[in-house]
Amino acid sequence: MPTGAHLTNIANGLCGSFTSRNNELDGYWAIGKLRSLAEKYGQTTVLLNFLTSSIHPPASEFAPMLARYRNLLAKLAEVSRIPLEEITTAHIMLDFAPPPWPRIIYYKLQWGDQFTLTVTINADHRAVGSVRHAGYCRPHNPVQEIRSIRSAIC
């Protein structure tokens, strides 16, 4: 049976990869694109489910990212010796309107607004692994952003 520590390790791996600037979709940072998605639907949160490869609010353009993270989940589970079938929940919740925390005004001008990300992994409803991350982002704007050259190579 998986322990909470094993599941927290998986959640840490997913969180670190997801918040990385290398998490891109079509050459742009995925979190900025997810923020734009939330704003498009008038919502402050986005939920990504890696077991069902679904996203709420729905958007088909995120299918490649969901597939990439489902594969990463499977690899992390395998390394942790946890059968993927035992994992019952694997999702990320992005909140683009979290309770504010103190910061220097420079950060808002330079990096955008605050967000929190929570990764939750459950196995057979017995063990839970959860990790939270806080950061800054602004909505996706291709006019102001430079597209990654890696997207042209892949």
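In which loop is Ser 53 found? Ser 53 lies in the loop between β3 and β4, and the legends below place this loop and its surroundings within a predicted model.

**Figure 1. Overall arrangement of the predicted protein chain.** The protein chain contains five helices and seven strands. Starting at the N terminus, its elements follow the order α-β-β-α-β-β-α-β-α-β-β-α. The chain has 154 residues, of which 41% count as buried. Among contacts in the protein chain with a separation of 6 or more, 63% link residues 24 or more positions apart.

**Figure 2. The five-stranded open sheet.** The strands are arranged in the order β4-β3-β5-β6-β7, and their pairing is antiparallel. At the edges stand β4 (54–56) and β7 (127–137), each of which pairs on one side only. On average, and with direction ignored, neighbouring strands of this sheet are turned by 15° against each other. Antiparallel pairing joins β3 (residues 45–49) to β4 over three bridges, β3 to β5 over five bridges, and β5 to β6 over eight bridges. Within the pairing of β5 with β6, His 91 has Thr 120 in β6 as its bridge partner.

**Figure 3. Surroundings of Leu 48.** On the β4 side, Leu 48 stands opposite Ile 55; in β5, the bridge partner of Leu 48 is Ile 92. Leaving aside residues up to four places away in sequence, Leu 48 touches Phe 18, Leu 34, Ser 54, Ile 55, Met 65, Leu 66, Ala 90, His 91, Ile 92 and Leu 94. Both strand partners, Ile 55 and Ile 92, are thus included among the residues that Leu 48 touches. Leu 48 is also one of the residues with the most contacts inside the largest nonpolar core.

**Figure 4. The largest nonpolar core.** This core has 38 residues, and those with the most contacts inside it are Phe 18, Leu 34, Leu 48, Phe 50, Leu 94 and Ile 121. At least two residues of the core come from each of α1, α2, β3, α3, β5, β6 and β7. The greatest contribution is that of α1, with six residues.

**Figure 5. Packing of helix α1 against helix α3.** Helix α1 (residues 4–19) and helix α3 (residues 63–79) pack at an angle of about 145°, and their axes are 10 Å apart. The crossing of the two helices is right-handed. From α1, the residues in contact are Ile 10, Gly 13, Leu 14, Ser 17 and Phe 18; from α3, they are Met 65, Tyr 69, Leu 72, Leu 73, Leu 76 and Ala 77. Classified by residue type, this contact comprises nine nonpolar and two polar residues, with no charged residues. Two of the participants, Phe 18 of α1 and Met 65 of α3, are also among the residues touched by Leu 48.

**Figure 6. Helix α2 across the sheet.** Helix α2 (residues 30–40) lies across β3, β4, β5 (87–95), β6 (113–123) and β7, and runs at about 120° to β3. The helix is mostly covered, with eight of its 11 residues buried. These buried residues are Ala 30, Ile 31, Gly 32, Lys 33, Leu 34, Arg 35, Leu 37 and Ala 38; the list includes the charged residues Lys 33 and Arg 35. One of the buried residues, Leu 34, touches Leu 48. After α2 comes Gly 42, whose phi is positive, near 65°.

**Figure 7. Backbone features in the loops.** Two residues that are not glycines have a positive phi: Asp 26, at about 60°, and Ser 53, at about 50°. Asp 26 is located in the loop between β1 (24–25) and β2 (28–29), and Ser 53 in the loop between β3 and β4. Asp 26 counts as partly exposed because its relative accessibility is 47%, a value between the limits of 20% and 50%. Ser 53 is likewise partly exposed, with a relative accessible area of 35%. In the loop between β4 and α3 lies Pro 57, which is joined to His 56 by a cis peptide bond with omega of about 5°.

Technical notes. Residues numbered from 1 in each chain as written. Predicted model: local features only at pLDDT ≥ 70, side-chain atom pairs only at ≥ 80, totals over all residues. Heavy atoms only, no water. Axes fitted to C-alpha atoms, helices over the stretch in contact; angles between N-to-C directions. Helix = DSSP H or I, 4+ residues; strand = E, 2+ residues; numbered from the N terminus. Left-handed = near helix turned anticlockwise from the far one by under 90°. Contact = heavy atoms within 4.5 Å. Pairing = 2+ DSSP bridges. Core = buried A, V, L, I, M, F, W, Y, C linked by side-chain atoms within 4.5 Å. Buried < 20%, exposed > 50% of the residue type's maximum accessible area, 1.4 Å probe, protein only.
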